[in-house]
Amino acid sequence: MSDRLAVFDLDGVLADVRHRVHHVEGPRRDWDAFFAEALADPPLADGLEAVAVAEAEGLAIAYLTGRPERCRADTEAWLDRVGLPPGPLLMRPDRDRRPARMFKVEALRDLARTTSIAYLVDDDAAVVLAASEAGFPVIHAAWMGGGTEGVDRILYDVQETEGRT
Ligand SMILES: [Mg+2]
């Protein structure tokens with residue numbers, strides 16, 4: 001296995017979260033319900049294709065998600081169910097409420113101490129900017145159809161105010 005990693009975000013890159021975003025859109029955000037339905041996420045075809053391309057390039061696959069550690073069992077089951085390759089799964093510590101961009105850049109720096117990171121694939125513009133500024137190559141995934149009114153914006157705003165996605 002290659003020691004060069006392609007690092008993939010989950011929500012909005014590999015997993016289509018749109019069916020459960022309604023739980024966190026209103027004034028009363030139900031994060032437990034939002035995460036509880038993650039096993040039902042349809043995979044995003046463009047994301048699966050990007051993983052296949054990375055594997056064809058000889059890269060090892062790792063996953064870096066803002067989901068909390070308490071979602072690990074469901075997330076691992078989902079990765080297996082949709083046929084994604086096994087690989088390190090880096091998740092946000094349960095009490096880490098920082099914006100995703102801070103957690104993710106720190107995780108990338110930790111990874112880079114022991115391996116070489118070919119690139120990160122993420123759909124969050126704030127993460128893309130922060131990782132890029134930290135010197136990591138980044139592919140901005142736009143295939144879930146976020147846009148200014150889409151799910152990216154909703155999750156992005158929530159992350160900035162609560163650090164919870
Ligand atoms: Mg994402």
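A residue counts as exposed here if 12 or fewer other C-beta atoms lie within 10 Å of its own, and as buried if 20 or more do. Keep that cut-off in mind for the tour. The model is a predicted one.

**Stop 1: the whole chain**

Show the protein chain as a cartoon. Its secondary structure comes to six helices and five strands. Trace the elements from the N terminus: they run β-α-α-β-α-β-α-β-α-β-α. The chain has 165 residues, and 39% of them count as buried. Now consider the contacts with a sequence separation of 6 or more. Residues 24 or more positions apart account for 71% of them.

**Stop 2: helix 4**

Select residues 100–114, which form helix 4. At 1.5 Å a residue, its 15 residues should span 21 Å, and the end C-alpha atoms are 22 Å apart, which agrees. Colour Ala 100, Arg 101, Phe 103, Lys 104 and Leu 108: these are buried. They lie on the same side of helix 4, because they cover an arc of only 160° around the axis. Next pick Asp 110 and Arg 113. Both are exposed, on the face of helix 4 turned away from its buried side.

**Stop 3: the sheet**

Hide the helices and look at the strands. In what order do the five strands of the open sheet lie? The order is 3-2-1-4-5, and the pairing is parallel. Find the edges: strand 3 (89–92) and strand 5 (138–140) each pair on one side only. From one strand to the next, the twist averages 20°.

**Stop 4: strand 1 and its partners**

Select residues 4–8 for strand 1. Is this strand mostly covered or mostly open? Strand 1 is mostly covered, with four of its five residues buried.

Add strand 2, residues 60–68. Strand 1 and strand 2 run parallel and are joined by four bridges. Click on Leu 5: its bridge partner in strand 2 is Ala 60. Then click on Val 7, which stands opposite Ala 62 in strand 2.

Now add strand 4, residues 116–122. Five bridges join strand 4 to strand 1, and these two strands also run parallel. Arg 4 marks one pairing here; its bridge partner in strand 4 is Ser 116.

**Stop 5: from strand 2 to strand 3**

Keep strand 2 and bring in strand 3. The two run parallel, joined by four bridges. Tyr 63 is a good landmark: it stands opposite Leu 89 in strand 3. Then show helix 3, residues 72–81. Together, strand 2, helix 3 and strand 3 make a β-α-β unit. Which hand does the unit have? It is right-handed.

**Stop 6: helix 2 over the sheet**

Select residues 45–56, helix 2. Helix 2 lies across strand 1, strand 2 and strand 4, and runs at about 145° to strand 2. It has twelve residues and reaches 16 Å from its first C-alpha to its last, close to the 16 Å expected at 1.5 Å a residue.

Which residues of helix 2 are buried? They are Gly 47, Val 51 and Ala 54. These residues are on the same side of helix 2, because they cover an arc of only 60° around the axis. They pack against strand 1 and strand 2.

Rotate to the face turned away from the buried side of helix 2. It carries the exposed residues Ala 45, Glu 49, Val 53 and Ala 56. Then step just past the end of helix 2 to Gly 58, which takes a positive phi of about 85°.

**Stop 7: Ile 139 on strand 5**

Finish at an edge of the sheet. Select Ile 139, which lies in strand 5. Why does Ile 139 count as partly exposed? It has 17 other C-beta atoms within 10 Å, and a residue is partly exposed when its count falls between the exposed limit of 12 or fewer and the buried limit of 20 or more.

Look for its contacts, leaving aside neighbours within four places in sequence. Ile 139 is in contact with Tyr 119 and Val 121. Last, draw a distance from Ile 139 to Asp 123. They are 16 residues apart in sequence and 8.4 Å apart in space, C-alpha to C-alpha.

Definitions and conventions. Residues numbered from 1 in each chain as written. Predicted model: local features only at pLDDT ≥ 70, side-chain atom pairs only at ≥ 80, totals over all residues. Pairing = 2+ DSSP bridges. Axes fitted to C-alpha atoms, helices over the stretch in contact; angles between N-to-C directions. Contact = placed C-beta atoms within 7 Å. Right-handed = clockwise from strand over helix to strand, strands pointing away. Expected span 1.5 Å × (residues − 1). Arc of directions from axis to C-beta.
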